Amino acid sequence: MENSRRDFIKKTVTTTSIVAAGGVLPGISAASYRRIKGANERFLVSIMGVNSRGAALGQTFASQSNCDLIHVCDVDSRALESFRKTIAGIQDTPTIGFKDFRKSLESKDIDAFII
């Protein structure tokens with residue numbers, strides 16, 4: 001079966017009209033995207049080592065709109081508390097401090113662990 005230019009244009013216009021009217025995918029709408037699991041969730045992050053580079057990484061993650069830094073791990077208690085105060089000024093979610101990073105890894109809450 002040979003298609004002419006006229007047939008091609010008719011089919012294209014018909015298909016475009018159907019898609020524009022929303023008849024092809026009636027179950028997918030902008031509102032339905034909100035119900036997709038994970039689409040609008042926040043990442044809960046733990047960080048280990050918050051001196052120098054670790055502090056810069058932690059501040060970057062904490063300042064993201066879809067990320068909460070919830071655990072801070074460092075063997076140096078002074079660095080740990082100093083960094084927690086810094087993060088308190090960046091995000092509303094409070095952090096929990098750990099000297100032993102394994103305590104953070106035991107938590108089922110975290111989605112990512114930054115080293």
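**Exercise 1. Helix H3 and the sheet**

Determine which strands H3 lies across, and how H3 runs relative to E2.

*Solution.* In this predicted model, H3 lies across E1, E2 and E3. Its direction is at about 165° to E2. Angles over 145 degrees count as roughly antiparallel.

**Exercise 2. Strand order**

Work out the order of the strands in the open sheet, and which strands stand at the edges.

*Solution.*
- Step 1: the open sheet has four strands, in the order E3-E2-E1-E4. The pairing is parallel.
- Step 2: strand E3 (96-98) and strand E4 (112-114) stand at the edges. Each has a single partner strand, so one side of each lacks a neighbour in the sheet.
- Step 3: on average, neighbouring strands are turned by 30° against each other, direction ignored.
- Step 4: take strand E1 (residues 43-48) and strand E2 (residues 67-73). They pair in the parallel sense over six bridges. Met 48 has Cys 73 in E2 as its bridge partner.

**Exercise 3. Packing of H2 and H3**

Classify the crossing of H2 and H3: left-handed or right-handed? Then find which residues meet.

*Solution.*
- Step 1: the axes of helix H2 (residues 53-62) and helix H3 (residues 77-88) come within 10 Å. They cross at roughly 25°.
- Step 2: angles under 35 degrees count as roughly parallel. H2 and H3 are therefore roughly parallel to each other.
- Step 3: the crossing is right-handed.
- Step 4: H2 contributes Ala 55, Gly 58, Gln 59 and Ala 62. These meet Phe 83, Thr 86 and Ile 87 in H3.
- Step 5: sort the residues of this contact. Four are nonpolar, three are polar and none is charged.

**Exercise 4. Aromatic pairs**

Search the whole structure: how many aromatic pairs are found? Describe the geometry.

*Solution.*
- Step 1: the search finds one aromatic pair.
- Step 2: Phe 101 and Phe 113 form the pair, at 6.3 Å centre to centre. The angle between the planes is 45°, and the pair is tilted.
- Step 3: Phe 101 sits in helix H4 (residues 101-106), and Phe 113 in strand E4. They are twelve residues apart, and the pair links distant parts of the chain.

Key. Residues are numbered from 1 along each chain as its sequence is written. This is a predicted model: local features need pLDDT of at least 70, side-chain atom pairs count only at pLDDT 80 or more; totals for chains, interfaces and linings use all residues. Side-chain values use heavy atoms; hydrogens and water are left out. Axes are lines fitted to C-alpha atoms, for helices over the stretch in contact, and angles run from 0 to 180 degrees between N-to-C directions. Helices (H or I, at least four residues) and strands (E, at least two) are DSSP runs, numbered from the N terminus. Angles under 35 degrees count as roughly parallel, over 145 as roughly antiparallel, 65 to 115 as roughly perpendicular and the rest as oblique. A crossing is left-handed if the near helix is turned anticlockwise from the far one by less than a right angle, and right-handed if clockwise. Contact means heavy atoms within 4.5 Å. Ala, Val, Leu, Ile, Met, Phe, Trp, Tyr, Cys and Pro count as nonpolar, Asp, Glu, Lys and Arg as charged, and the others, Gly among them, as polar. Two strands pair if DSSP finds at least two bridges between them. Rings of Phe, Tyr and Trp (its six-membered ring) pair if their centres lie within 6.5 Å; planes under 30 degrees apart count as stacked, over 60 as edge-to-face and the rest as tilted.
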